[in-house]
Every structure is written in C-alpha cells, then in structure tokens.
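Thanks for asking me to look this one over. Here are my notes, in the order in which I would go through the structure.

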Amino acid sequence: MVQIVRLFGEYLGQYFKTKLSYRANFLSELIGNLVFEFINMIFILVVFRHVATMKDWTRDEIIFIYGFFQVPYALFAMFFNFWDFNERYIIRGEMDRILTRPVNNLAQVCLESVAPDRIFSLLTGLLIMGYAAFQLKLSFAWYDLPVFLILVISSALIYAGVYTAIAAISFFSDSRTGIAPMIWNIQNYGRYPVNVYNKAIQILLTWILPFAFVGVYPAAYFLRRETWYFYTMLTPVMGIVFFCIGLTVWKMGVRKYSGAGS
Amino acid sequence: MSKLYAELIRIRFLTMLAYRVNYYSGIIIYNINIGAYYFLWGAIYGGQPQLGGLSPEQMTAYVAISWMSRAFYFNNIDQEIAQDVREGKVAIEMIRPYNYLSVKAAQALGEGMFRLFFFAIPGILLVSLFIPFHFPTSLQTWGLYLTSLLLAFVINTEINLLTGVLTFFLFRNEGIMWAKRVMVDLLSGVTLPISFFPGWAQALLAFLPFQAINYYPSMIFAGAAGADKAAQVLLLQALWIFVLLVPIALLWRQAKQKLVVQGG
C-alpha cells in the first residue's frame, strides 16, 4: 500500500510533465469540460422558464442534484480511467507488461491513467451545489460534512465497481464490446431524480446499474427529502458491494487472461 | 473524379459494416438517450397541453426524430483529421492526388448513409414500439424532410472540417472538439427545441448556423413547419452551406503552409 502511494507520487510527476508540454491542449480540455457542464445547466435553466416543477422537484433542487452528481464522478475519473482499456491494454498487449511487475495490476492500470485535472469538474460541481444550496436556503450541521464525504466516496466506489467490472470483460473477449459507452449514457440518467422515469428504469437505476446512488439518493439527504432517506443510507452499502463485485470480476478476468500477442 | 469519391463513400460504408459491434451498441445508445429525454419531457409537461409551441405528442416526435437525424449527420471526421495530424499521416494524405478535405467529407457521407439505413431506420422503428410516435403521412413532408436532412449533413460536416483543420494550428484540440460537439447538440436543438429558448437567445441563434443542423429538419418532420416555411428553411440551409465554405477555404490555405509533421 505504501509502495502504491509512493508510486502514485511518481506517476503524478510524470503526468504534469506530459501535460505541461501540451499546454494549449490542457487549456482546451478544461474549456471543453466547462462548456459541457454549462450546457447541461442551460437545459435545466431553460426548461424551468416554462414550468415551476418537474414531478415534485423545483429548479434549484434539480440543480443541486446535478451539482452533486458531478462530484463523485470527478473523484472516480481522477483515479480510474478505463475508457481505452481494451484498446490500450488488451489489443496492444500492454497488460503483459503490467502483469510482469511486482505491484498490484489494477493499481498499476489506475496509476497509468491518473487524471488530477478532474479536480476542476469536482470544483464546478461543488460550485453548482453551493449556488443551489444558497438559493434553497439549506442549512447544514457540522456532521453534514463527514456525511457528505462518506456519500461522495460511496458513490465514487459504485462507479469504480461498475467500470472495473466492464473493463474486465475485455479479458474474456478481446474484441470491442461497446458496452462502456452504453453504460456512460445510462449513467447520465442519474443526473435527474429517479421518480421522473418509469418503474422499470427506476429498478434498473437502483439495483442493477445503481446510478441513482450517485445523484438523487445521496443528494436527497441534503435536500431533507425524508422519503428517500432509506436509499441515502443504503448508498455506502451499495458502494462497497459494487466495488467488491468489480474487484472480483477483475481478478477472475486476470486469471483468465492469456495475452493477445504482439 | 466523381468515381473516386463514390468509391470512398462505398469503402467507408463497408468499413462501418465490418465493425458491427459498435453499431449494435450505437442503436442501443440512441434508444437510451431518446428514452431519457422522453421521460424527462413527460415529467416536464406534467399534464400541460403546450410548452414552447409544441404539444406533448409533437415533442415526442421531435425528440425521436431529432436523435435519428443526428444519426445521419453526426460524424467524427474532425477527430479523424486530428489523429492524422498527430500521427503524421496527413503528410501522405497531402501528397495524394485528391483534396484531403473533400475526401473526409465523402467518408463522412459513407458513414452517414450507413447509419441512416442500419441505425436510424431500425432505431426509429424500435423507438416507435416503446413510445407513441406518428410518422408523417404526406409524401411531400417526407421529401422536404429528407432534403433538409441532407443539407443539414453538409452544414454539420463543414463545421467538423473547421474544428478538424484547427488541429493544424493547435496540434491537439480534443477539448475544443468536445466542446463543439456538446454545443452543436444544444444549439442545433437536439437537447432542447429552439422555441424553448428565451426571445433574445432565439434572435441570436437565428444568426448562427446551428439550428440548420437539426431544428429545421426536425420541425418539418414533426409537422410544426408548413410547406411555405419549409421552403424558406431549405433556402436558409443552402445559404449557410455557401457561407461556411469561406472560413474553411481560408483556414485550409493557411493550414497547408503551416503544416508541421510531428512524426510517424
């Protein structure tokens, strides 16, 4: 563990070296992310010019949930980046290199794609939440901060579990599956309260691909929506369960992996 | 020359066919997105008969068709150009006896045609099973819609060429391309019909090419634009096609002089 933390520092140093050599790109990625979030906000703002509530949620509540939704994802994306896992590690055979080294293989894969610049979308998420909280005149107690941290980490673990499991599918089939983009699109359902959707999608987002636990369920606690508290409390449990599932699938995959050659 | 481009279109079409897995997941992704917006709009309407000049039924048709239109006009040629520049392949492309940008546009058309036949059409049939959705009944509406869609494709391709050529100057511009992609989705009306925007924003958008990419054809399809309006819309789209050629030509001339091949 100590070794991984030390390696993390080394990788971080390399990361900044490469990023600084393409400064314009770093800036353009930053702008790209900001525009993306800004545009999602515009959707909410424009829609609520025409209506007062969506189901029973007001504009500022929806904005708060959206802001919360950004934070665990940014935290997850800072440490896990499986977007091109199949291409980079399986098809090009980089996984063989990983497996010959004396450090946990999942940790190495994560370290090689660490993305500290995600901190910016974490900050914009907090900013959006702050704005909505101010508009809603929410009040917080001291223990809300640790609760927030626990919920955010739990939500990030759900992402980590789901995407680790999906990346591990590449060990079983070395062709492109196209599952990850699908999941990413489903994940975006989590930006809005689940009771907007029909029963089948609500069940999907709660129990199968639990992306309701990265947005509305934990956020409901801060909005003092007591009807959802049961699910808020379930968030850490879901986080741990799904992360363990992800790790198990990964370990099975690595055992199965036989190299793609080249 | 036209034989060359026809061949390019055909080859891209076949390449797309070879990567079928991407395509199956693509249909599902479009259905996921249409579903998301269908339910969102259901919750937003919440029993109101009309919002932004559209009834809930028109909105349903709009959401479905705007995503399906997107399947046809959407392409990643800007990212392909960026990759060619980054990998140095562009050097080979430039000495070949054809115009690189026209080649990219032809490939985009091949891709678009593939998606129209194997993606948008089955996709919309699949969608119509799940959500109440009516196809236009008159042949005229179909004709106007398809013409408008083709013009929309050209405009979107021109915008992609513009962001793609920027790579020649910036070397890496993933961020700009990503921002462009979400901006086009918003300002062209995929996420939100233009009639929902406040008046000043609509006035501003009238001076931009984006709504010609999706809002115009989708309104024709949803039956919210009559024949007179439709003719006007087609004319506007044609105008944008010519206007956008100017910055492309200028940037391309600069780019050819500025080109730095970074390596193989």
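1. Let me begin with the core, keeping in mind that this is a predicted model. The largest nonpolar core holds 123 residues, and those touching the most other members are A:Tyr159, B:Val63 and B:Ile220. Helix α8 of chain A (residues 144-172) contributes the largest share of this core, with 14 residues.

2. What does B:Val63 contact once its neighbours within four places in sequence are left aside? Its partners are B:Ile34, B:Tyr37, B:Tyr38 and B:Trp41.

3. A second core, of 20 residues, lies apart from the largest one; B:Ala82, B:Val85, B:Leu101 and B:Leu166 are among its members. As general background, nonpolar side chains tend to be buried together in soluble globular proteins.

4. Now to the two chains. Contacts between them involve 31 residues of chain B and 35 residues of chain A. On the side of chain B that touches chain A, α2 (20-45) and α9 (174-187) of chain B each supply at least two residues. Which element gives the most to that side? It is α2(B), with 12 residues. Sorted by class, this side of chain B has 21 nonpolar, eight polar and two charged residues.

5. Helix α7 of chain A (residues 119-136) allows a simple geometric check. It has 18 residues, so at 1.5 Å a residue it should span 26 Å, and the 25 Å between its end C-alpha atoms agrees with that.

6. The burial pattern of α7(A) is worth a look too. The buried residues in this helix are A:Ser121, A:Thr124, A:Gly125, A:Ile128, A:Met129 and A:Ala132. Because they cover an arc of only 135° around the axis, they sit on the same side of α7(A). The exposed residues A:Ile119 and A:Phe134 are carried by the face of α7(A) turned away from its buried side.

7. Just a small backbone remark here: A:Lys137 follows α7(A), and its phi is positive, near 55°.

8. Finally, a residue further along chain A. A:Ser258 is placed in the segment after α12 (229-256) of chain A. Is A:Ser258 buried or exposed? A residue counts as exposed with 12 or fewer C-beta neighbours within 10 Å; A:Ser258 has 8 inside 10 Å, so it counts as exposed. Between the C-alpha atoms of A:Ser258 and A:Leu111, which are 147 residues apart along the chain, the separation is 22 Å.

Key: Residues numbered from 1 in each chain as written. Chains lettered and ligands numbered in written order. Predicted model: local features only at pLDDT ≥ 70, side-chain atom pairs only at ≥ 80, totals over all residues. Contact = placed C-beta atoms within 7 Å. Helix = DSSP H or I, 4+ residues; strand = E, 2+ residues; numbered from the N terminus. Nonpolar A, V, L, I, M, F, W, Y, C, P; charged D, E, K, R; others polar. Expected span 1.5 Å × (residues − 1). Arc of directions from axis to C-beta. Core = buried A, V, L, I, M, F, W, Y, C linked by C-beta atoms within 7 Å.
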